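Biologist: I would like to learn how to read a protein model. Could you take me through one, feature by feature?

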Amino acid sequence: MSDPRSLLKRESGRFIQADGAFERLVRRRDHKRRNQRVAAGVLGIAVFALAAIGFVRLLGWEEGSVIGPATSPSSTAAPQPSPAPGFSTFSSPLHGITIDYPAGWKVKAATEPWGHGPVAFGASNVDVIFDPKLRDDLFLALVSEPLGGKSATEWVDHTPWDQNVGICKDKPGWGGGGGRYSVDGAVDGWFESCGPKPKFQDSNQLVAVATATSGYIIYLHVGDDRRLLATYDGDWFEAALETVDLRPEDAVDALNPSESP
Amino acid sequence: MSDSAVSAQAGPSGAVVGSDAAAFEDFFRGQTQSLYAHLCLITGNRAEAEELAQDAFLKVWERWDRVADMEEPIGYLYRTAMNLFRKRYRRAVLALRKKVSEELRTDEFSTVEDRSIVARALVELTPRQRAALVLTELIGFSSGEAGHMLGVSSGTVRALASQGRAAMKQHLEADDV
């Protein structure tokens, strides 16, 4: 038997790409740009809707800018590949991040840049994607900020564990342990599991990751319930992380990096 | 990249510099066939390989001003392609988790037309084993580099590649290649 390398090499020679690959790529790019223009229009409408919701909130609606899954995925800054059946895609208008989530969940989009405060269910500067039945017992939270002069590693190793942020405060390994992790090509991230009590020490999952310009926190909170924890475990979170697209250039605060700590 | 095999594939575009469209086109033409063929081996599906290759090149094109100045633009291209592959693979797993009655994974290698003996041997491998084999054995990335691309440790890559080699060998010996 030949060695695997020569066998694979011989096999790969059987796959010849059809002519006109570059022309197809150009068409694909043009198509994508067209979609982006459409998405920008939709984003304008979404911003208007957010403003209207904010107005309603001023009038006393306690929930804030809750957007159902039918409208939130359309507030994309750029089109994404179609999510898997049963899933929707959320593109954060403020934090420059895209992620797929179960279609029945709802989105509470951030209405202001993250101010380095608590990554909490009710925070207005946090993108929250939640199960409408379980609300703050099952949600994903997303925030980002410019690195503000820190290196990506410095940011990942310090900022997310700040007491103010309020989640997984004692990195590393307070709960289920942690380790280096990559998200969407950003390789110096950190994955951490933690929880409020020993019995539920893996109930929360956190990934902190940074690109060259922005730091991100992606947080899964699961309430103290064994059945929930069995479903929304580390594997579930990692599968969700696989759908993440980091787009620091789309983050609103990326325009004013000096404003961030 | 640790092996000259990949650098050699760069051809004239190995010296890619600058940020203009012509430089990108040169890079594309130098790499597209090999990336496509490698993705065919990994995914076992020509259409999916074509789509992944195109998406990877689009992402590189969007960031070409930075990628062109990298020491290893080809490595970046493969990292991007592997990220996209992983996303698709995990998306499929995510979707199928909802359908407990279905099998967790369907192997698309069985759809490759005109299968050779080697292709039939590849059917026996998981997509991750195929990816580990192609990245390390065929392209020549180190296990650490391949691990970054696949989101696993270098030890896992070595294990996957080793399992893949063993499975291939067993199948090929049965076919007496």
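Modeller: Happily! Let us begin with burial: in helix 7 of chain B, the buried residues are P127(B), Q129(B), R130(B), A131(B), A132(B), L133(B), V134(B), L135(B), T136(B), E137(B), L138(B) and I139(B). Please keep in mind that this is a predicted model.

Biologist: How many of the 13 residues of helix 7 of chain B are buried, and what does that tell me about the helix?

Modeller: Buried means under 20% relative accessible area. Here 12 of the 13 residues of helix 7 of chain B pass that test, so the helix is largely enclosed by the rest of the structure. Just after this helix comes G140(B), with a positive phi of about 100 degrees.

Biologist: Which residues of helix 2 of chain B meet helix 7 of chain B?

Modeller: To read helix packing, look at the axes and then at the residues. The axes of helix 2 and helix 7 of chain B come within 8 Å and cross at roughly 145 degrees. From helix 2 of chain B, H38(B), L41(B), I42(B) and T43(B) take part, and their partners in helix 7 of chain B include V134(B), L138(B) and I139(B). By class, this contact has seven nonpolar, two polar and one charged residues.

Biologist: At what angle does helix 1 of chain A pack with helix 7 of chain B?

Modeller: The angle is about 100 degrees, with the axes 9 Å apart. Angles of 65 to 115 degrees count as roughly perpendicular, and these two helices are therefore roughly perpendicular to each other. P4(A), R5(A), L8(A), K9(A) and S12(A) meet L133(B), E137(B) and L138(B) there. The residues of this contact divide into four nonpolar, one polar and three charged.

Biologist: How is the size of an interface often given?

Modeller: It is often given as the accessible area lost when the parts come together. Between chain A and chain B the buried area is about 4,500 Å², and carbon and sulfur atoms give 59% of it. The contact takes 45 residues from chain A and 49 residues from chain B.

Biologist: Is F28(B) buried or exposed?

Modeller: F28(B) is buried, with a relative accessible area of 2%. You will find F28(B) in helix 2 of chain B. Not counting residues up to four places away in sequence, F28(B) touches A21(A), F22(A), L25(A) and F57(B).

Biologist: And salt bridges: how many are there between chain A and chain B?

Modeller: For a salt bridge, look for a side-chain nitrogen of Lys or Arg within 4 Å of a carboxyl oxygen of Asp or Glu. The count between chain A and chain B is seven, while the whole structure has 14 over all chains. One example joins R29(B) and E23(A), at 3.8 Å from N to O. A network of salt bridges links E23(A), E25(B) and R29(B).

Biologist: Which residue forms a salt bridge with E137(B)?

Modeller: That is R165(B), with 2.5 Å from N to O. This pair links distant parts of the chain, R165(B) being in helix 9 and E137(B) in helix 7 of chain B, 28 residues apart. R165(B) counts as partly exposed at 30% relative accessibility, whereas E137(B) is buried.

Biologist: Where are the partners of the salt bridge between R88(B) and E51(B)?

Modeller: The side chains of R88(B) and E51(B) meet at 2.7 Å, N to O. R88(B) is in helix 5 and E51(B) in helix 3 of chain B, 37 residues apart. R88(B) is partly exposed at 27% relative accessible area, and E51(B) is partly exposed at 34%.

Conventions. Residues numbered from 1 in each chain as written. Chains lettered and ligands numbered in written order. Predicted model: local features only at pLDDT ≥ 70, side-chain atom pairs only at ≥ 80, totals over all residues. Heavy atoms only, no water. Axes fitted to C-alpha atoms, helices over the stretch in contact; angles between N-to-C directions. Helix = DSSP H or I, 4+ residues; strand = E, 2+ residues; numbered from the N terminus. Parallel < 35°, antiparallel > 145°, perpendicular 65-115°, else oblique. Contact = heavy atoms within 4.5 Å. Nonpolar A, V, L, I, M, F, W, Y, C, P; charged D, E, K, R; others polar. Buried < 20%, exposed > 50% of the residue type's maximum accessible area, 1.4 Å probe, protein only. Buried area = accessible area lost by both parts, 1.4 Å probe.
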